[in-house]
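Ready to poke around a protein fold? Grab the viewer and try the exercises below, then check your steps against the worked solutions.

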Amino acid sequence: MKNKLKVLRAMHNLTQEQLADKIGVSRQTVIAIEANKYLPSLGLAFKIARLFKVKVEDVFTREGEEDDNEN
């Protein structure tokens, strides 16, 4: 699983600590998600997507799918 969390966070000028506070997790959890070492729960993934006003699949993708075209 890959994610664009670091990019989205930077686009919104949020620190890891600020993002963690907004989604109710520790800074270490944000670090682990950004490093692809922790896969968030579905609920947390939706919370992140809502915060950035994007779809979950705009944040999280399976490896090799980010360039696939929708049919």
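Here are three exercises on this predicted model.

**Exercise 1. Find which residues have the most contacts inside the largest nonpolar core, and which helix gives the largest share.**

Step 1: Pick out the core, which has 16 residues. L19, I48, F52 and F60 have the most contacts inside it.

Step 2: Go through the helices. α1 (5–11), α2 (16–23), α3 (27–34), α4 (42–52) and α5 (56–59) each chip in at least two residues. The largest share is 5 residues, and α4 supplies it.

Step 3: Zoom in on I48. Skipping neighbours within four places in sequence, I48 touches L5, I23, I33, V59 and F60.

**Exercise 2. Work out where the buried residues of α4 sit around the helix.**

Step 1: List them: L44, A45, I48, A49 and F52.

Step 2: Look down the axis of α4. Its buried residues fall within an arc of 140 degrees, so they line one face of the helix.

Step 3: Now check the other side of α4, where L42 and R50 are exposed.

Step 4: See what covers the buried residues: α1, α2, α3, α5 and β2 (60–61) are included.

**Exercise 3. Track down the salt bridge and decide whether E34 is buried or exposed.**

Step 1: A search of the whole structure turns up 1 salt bridge. The side chains of E34 and R9 make it, at 2.6 Å from N to O.

Step 2: Place the partners. E34 lies in helix α3 and R9 in helix α1, 25 residues apart, so the pair links distant parts of the chain.

Step 3: Check accessibility against the cut-off: buried means under 20%. E34 has 14% relative accessibility, so it counts as buried. R9, at 10%, counts as buried too.

Key. Residues are numbered from 1 along each chain as its sequence is written. This is a predicted model: local features need pLDDT of at least 70, side-chain atom pairs count only at pLDDT 80 or more; totals for chains, interfaces and linings use all residues. Side-chain values use heavy atoms; hydrogens and water are left out. A nonpolar core is a set of buried Ala, Val, Leu, Ile, Met, Phe, Trp, Tyr and Cys residues joined through side-chain atoms within 4.5 Å. Buried means under 20% relative accessible area, exposed over 50%, partly exposed in between (1.4 Å probe, protein chains only). Helices (H or I, at least four residues) and strands (E, at least two) are DSSP runs, numbered from the N terminus. Contact means heavy atoms within 4.5 Å. A salt bridge is a side-chain nitrogen of Lys or Arg within 4 Å of a carboxyl oxygen of Asp or Glu. The arc is that of the directions from the helix axis to the C-beta atoms.
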